[in-house]
Amino acid sequence: MATNGKEACGVKDGVSVSSNGTNKDFAKSHSAVGNGVAAEPSSHSKLRNTGTVQSGKFTFSPEPTIEDIRRMQAEFTDERDWNQFHQPRNLLLAMVGEVGEVAEHFQWRGEVAEGLPDWTESEREQLAHELSDVLIYLVELADKCRIDLPQAVIRKMALNRLKYPASKVHGSAKKYTEYKD
Ligand SMILES: [Mg+2]
């Protein structure tokens, strides 16, 4: 469907997107976002799509939040009268398609080192676009299913900690069913 197919989620079409992937309109109205981009250290130019690196640790920018992303996409969809297409099942299928687009960037490359040191800036930016497509559809799917995603993540992480106690699974990739009490 041309009107809500690839890229229709707002990563490229119809949204002002800067070279580092920031929504200019959003940044304008959310000064903290603009500040975050401006504060990005120029000494990490090879990593300019990837947040900040301090003391060897990578971190995301604090904004936009998941709620910010939900609102941005809701506005994008409303403005185009696309809610008629963006029902849960369609959003799920769209998200899976975008996961495939992420996979295309890794296909046939063999193992890829953390930080993608051998990738060009263009390749990194294309990956950033596809990862964003997945996230945007995921957030919209949660929205349309009335799942409060940030709080759901907290509950799920608590369950994961119970399922995989660090004391039992440290350094092991076994599934939880392979552990005995
Ligand atoms: Mg895509």
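Helices here are DSSP runs of at least four residues, numbered from the N terminus. The model is predicted.

**View 1. Leu-116 sits in the loop between helix 4 and helix 5.** Leu-116 is not a glycine, yet its phi is positive, about 50°. Most residues other than glycine have a negative phi. Leu-116 counts as partly exposed because it has 18 C-beta neighbours inside 10 Å, and the partly exposed class falls between 12 or fewer and 20 or more.

**View 2. Trp-108 lies in the loop between helix 4 and helix 5.** Phi of Trp-108 is near 70°, a positive value in a residue other than glycine. Trp-108 has 5 C-beta neighbours inside 10 Å, so it counts as exposed. The cut-off for exposed is 12 or fewer.

**View 3. A cis peptide bond joins Glu-63 and Pro-64.** Omega is about 5°. Pro-64 belongs to the loop between strand 2 (57-59) and helix 3 (66-79). Most peptide bonds are trans.

**View 4. The largest nonpolar core has eight residues.** They are Ile-69, Leu-91, Ala-94, Met-95, Ile-136, Tyr-137, Val-139 and Leu-141. Helix 4 (88-106) and helix 5 (121-144) each supply at least two of them. Helix 5 gives the largest share, four residues. In soluble globular proteins, nonpolar side chains tend to be buried together.

**View 5. Contacts of Leu-141, a residue of the largest nonpolar core.** Neighbours within four places in sequence are left aside. Leu-141 is then in contact with Pro-88, Leu-91, Leu-92 and Met-95. Leu-91 and Met-95 also belong to the largest nonpolar core.

Notes
Residues are numbered from 1 along each chain as its sequence is written. This is a predicted model: local features need pLDDT of at least 70, side-chain atom pairs count only at pLDDT 80 or more; totals for chains, interfaces and linings use all residues. A nonpolar core is a set of buried Ala, Val, Leu, Ile, Met, Phe, Trp, Tyr and Cys residues joined through C-beta atoms within 7 Å. Helices (H or I, at least four residues) and strands (E, at least two) are DSSP runs, numbered from the N terminus. Two residues are in contact if their C-beta atoms, placed from the backbone, lie within 7 Å.
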